[in-house]
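User: Please go through the ligand sites of this model with me. I would like each term set against its cut-off.

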Amino acid sequence: AKQNGSAQYQFYDAKRDQTSMEQITLENDLEDSIQKNQMQLYYQPKMDIRTGEMTGVEALLRWNHPELGMVPPDRFIPLAEKSGFIVPLEQWVLRTALEQIKQWEADGYSVVPVAVNISQIHLMKPTIFQSITSTIKELDFDTRLLELEITESAMMYNEEHVIQILNDLKRAGISVSMDDFGTGYSSLSYLHSLPIQCLKIDRSFIKKLTTDADSRAIAEMIISMARQLNLTIVAEGVETEDQVGLLKELQCFNAQGYFYSKPMPANDMIHQFTPPPPV
Ligand code: C2E
Ligand code: CA
Ligand code: CA
Ligand code: CA
């Protein structure tokens, strides 16, 4: 038994070594990932629960690493935030997403708005507004087709600065969603002072929506509060028909999640659009 134990200890140790080696590999390789064409966007539909129509898509980063395969964003976004690479990376995301929407439009599909995620580090850059609007201008993009998703915790980091940026964005016609809502601790009065258009209820509440009374109560409260504040509300991580039913009852009519569709590469997205009329 003792031997077994030490063998196990060795196993864990080796595994930990491998993990930290992997970490170092990822950190080193990240900076060249765009140039080497390893970054890719997946798209996940946002749906209208009542009509089953797609109302938007969210662009989600994927890193196709040559040795490690598909690396999920939760593994490399924190590294990119630490090194500052997140800024050029999200500039790439924005440009790629806008170009993709324009391409779908040119191909005759009736397109929907695209949402891109903006990290707190990027949001704090004094140049962010300028950088977003210049990309939009350069691509001659319809601003109404762009949404930004910023997490609740990122919005609480430097409230004055955030309110100013959000006001600039609003004036430019760019709408903003508060992402992962319910996981931070923003106050009702702060929420009221923010020029945002949408709240996305965090997946953790939706996950337990039909099984846990507290989660349901919180979701219910968020939904009614959003209605008071005239905000659109989107439920994240919707996986079951029961959840859809309950959301409808609670009058939350926008949802995103595996129940409707997993995030998918651009090529698969075209099957989600109404096909262009025959020539
Ligand atoms: P997020 O912005 O909250 O995106 C939603 C995440 O939930 C996505 O994970 C999506 O695949 C996943 N998801 C959607 N529906 C379901 C569902 O029904 N069940 C479950 N279990 N999961 C679902 P993903 O693509 O792995 O992205 C994870 C996080 O990485 C994102 O969370 C976002 O915070 C971050 N991320 C991705 N791309 C970017 C980016 O360009 N910039 C920044 N700052 N963060 C990004
Ligand atoms: Ca998001
Ligand atoms: Ca989210
Ligand atoms: Ca999240």
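**Ligand sites, term by term**

Analyst: Strand β2 gives four residues to the shell around ligand 1, the largest share. Helices (H or I, at least four residues) and strands (E, at least two) are DSSP runs, numbered from the N terminus. This is a predicted model: local features need pLDDT of at least 70 and side-chain atom pairs count only at pLDDT 80 or more, while totals for chains, interfaces and linings use all residues. Residues are numbered from 1 along each chain as its sequence is written, chains are lettered from A and ligands numbered from 1 in the order in which they are written, and side-chain values use heavy atoms, with hydrogens and water left out.

User: Which residues around ligand 1 come nearest?

Analyst: R62, E90, R203, E239 and Y258, out of 22 residues around ligand 1. A residue is near a molecule if one of its heavy atoms lies within 4 Å of it.

User: What makes the approach of R203 to ligand 1 a polar contact?

Analyst: A polar contact is a pair of N or O atoms within 3.5 Å; within protein, one must be able to donate a hydrogen and the other to accept it, and residues adjacent in sequence count only if both atoms are side-chain atoms. An N or O atom in the side chain of R203 is 2.8 Å from an oxygen atom of ligand 1, so the pair qualifies. A backbone N or O atom of Y258, 2.7 Å from a ligand 1 oxygen, therefore qualifies too.

User: How much of ligand 1 does the protein bury?

Analyst: The protein buries 85% of the 800 Å² that ligand 1 exposes when taken alone. Accessible areas come from the Shrake-Rupley method with a 1.4 Å probe; for residues, only the protein chains shown count as cover.

User: Why is E58 called a donor of the calcium ion (ligand 2)?

Analyst: Donors are N, O and S atoms within 2.8 Å of the metal (3.2 Å for Na, K and Ca); water is not among the atoms, so sites may look incomplete. E58 (OE), N117 (OD1), E149 (OE) and D179 (OD) lie 2.2 to 2.3 Å from the calcium ion (ligand 2), so they count as donors.

User: What coordinates the calcium ion (ligand 3)?

Analyst: D179 (OD), D180 (OD) and E236 (OE), the last listed twice, at 1.9 to 2.7 Å. Their spacing in sequence is D-D-x55-E. D179 coordinates both calcium ions, ligand 2 and ligand 3, which are 4.0 Å apart.
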